Amino acid sequence: LYRAADSCLDREIIVPLQGREWFAHPQVLSKLNHLYQNPDLWIAFGQTVRYPDYEIGNPPQFERETVELRGFGGYDLSAPCSFYAGIFKQIQLQDLFLNGMFARGKHRYASPLLELSGGRVRSVQEPFVFSCGAPQQSESTSQTQYKPLAAFPKPRECNGKAELVLF
């Protein structure tokens, strides 16, 4: 994910899916594109439909007072999320590691993304993803506290090199 995001343009939207996940319906990307027309949206969470029991997992509902007091650490961030590549690129590489290896779950990057977004987040009560199996266990979140960005980050200089990343 880190390398893939680095090769994306800053205004491209990343929708990470695990190997056991797939889009809930053919219009998911169109729906996300419509949501991101709002310039005050940098991150979006949606519902998960667990297969085969069809249980709905709801996205977190962020309450301003709770976030101001405790940050984003108390929220279940296992719901599917999407975000701008430019925001993800602001996360320090070491914050994506756990015990010397890249962390497996989204908890290592979801919390910094939320901190950087400065509240430019939306939880949508609509299924975005089917997921086969139990939800991932939470890993510890990043040690770094990120300050909210005042504005969308300026694009970095490109060195002209390209990488091909296959999943």
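Okay, let's start with the pocket. Helices α1, residues 2-6, and α5 each put at least two residues into the lining of the largest pocket. Of the two, let me take α1 a bit further: the largest share of that lining, three residues, comes from α1. Before I go on, keep in mind that this is a predicted model.

So how big is the largest pocket? Its volume is about 540 Å³. There are 20 residues lining it, and the closest to its centre are Leu1, Tyr2, Ala103, Arg104 and Tyr109. What classes of residue make up the lining? You get eleven nonpolar ones, plus six charged and three polar.

Hang on to Tyr109, since that residue takes us to the next topic, the core. The largest nonpolar core has 35 residues, and Tyr109 is listed among those with the most contacts inside it, together with Phe83, Ile87, Phe88, Ile91 and Leu113. Which elements give two or more residues to this core? Those are α2 (28-35), β3 (43-51), β5 (81-84), α4 (85-88), α5 (107-117) and β8 (121-132). Helix α5 gives the largest share, five residues. For the general background, nonpolar side chains in soluble globular proteins tend to be buried together.

And what does Tyr109 touch? If you skip the neighbours within four places in sequence, Tyr109 is in contact with Leu1, Pro16, Cys81, Phe83, Phe88, Ile91 and Leu96. Leu1 is on that contact list, and Leu1 is also one of the residues closest to the centre of the pocket.

Now, two serines. Ser82 sits in strand β5. Buried or exposed? Ser82 is buried, because its relative accessible area is 1%, and the cut-off for buried is under 20%. Leaving out residues up to four places away in sequence, Ser82 touches Ile13, Ile14, Val15, Leu32, Tyr36, Trp42, Ile43 and Ala44. Take Tyr36 from that list: Tyr36 and Ser82 are 46 residues apart along the chain, yet their C-alpha atoms are separated by 9.8 Å.

The other one is Ser117, which is in helix α5. Ser117 comes out buried as well, with a relative accessible area of 0%. Where does its side chain go? The side chain of Ser117 reaches the backbone oxygen of Leu114, at 2.7 Å. Beyond the neighbours within four places in sequence, Ser117 is in contact with Trp42 and Ile43. You've heard those two names already: Trp42 and Ile43 are also among the residues that Ser82 touches.

That's what I have, happy to take questions.

Notes: Residues are numbered from 1 along each chain as its sequence is written. This is a predicted model: local features need pLDDT of at least 70, side-chain atom pairs count only at pLDDT 80 or more; totals for chains, interfaces and linings use all residues. Side-chain values use heavy atoms; hydrogens and water are left out. A nonpolar core is a set of buried Ala, Val, Leu, Ile, Met, Phe, Trp, Tyr and Cys residues joined through side-chain atoms within 4.5 Å. Buried means under 20% relative accessible area, exposed over 50%, partly exposed in between (1.4 Å probe, protein chains only). Helices (H or I, at least four residues) and strands (E, at least two) are DSSP runs, numbered from the N terminus. Contact means heavy atoms within 4.5 Å. On a 1 Å grid over the protein atoms alone, a cavity is a set of points where a 1.4 Å probe fits but cannot get out, and a pocket is an open set with protein on both sides within 12 Å along at least five of seven lines; lining residues have an atom within 4 Å of a point. Grid points are joined across faces, edges and corners, and a volume is the space filled by probe spheres set on the points. Ala, Val, Leu, Ile, Met, Phe, Trp, Tyr, Cys and Pro count as nonpolar, Asp, Glu, Lys and Arg as charged, and the others, Gly among them, as polar. A polar contact is a pair of N or O atoms within 3.5 Å; within protein, one must be able to donate a hydrogen and the other to accept it, and residues adjacent in sequence count only if both atoms are side-chain atoms.
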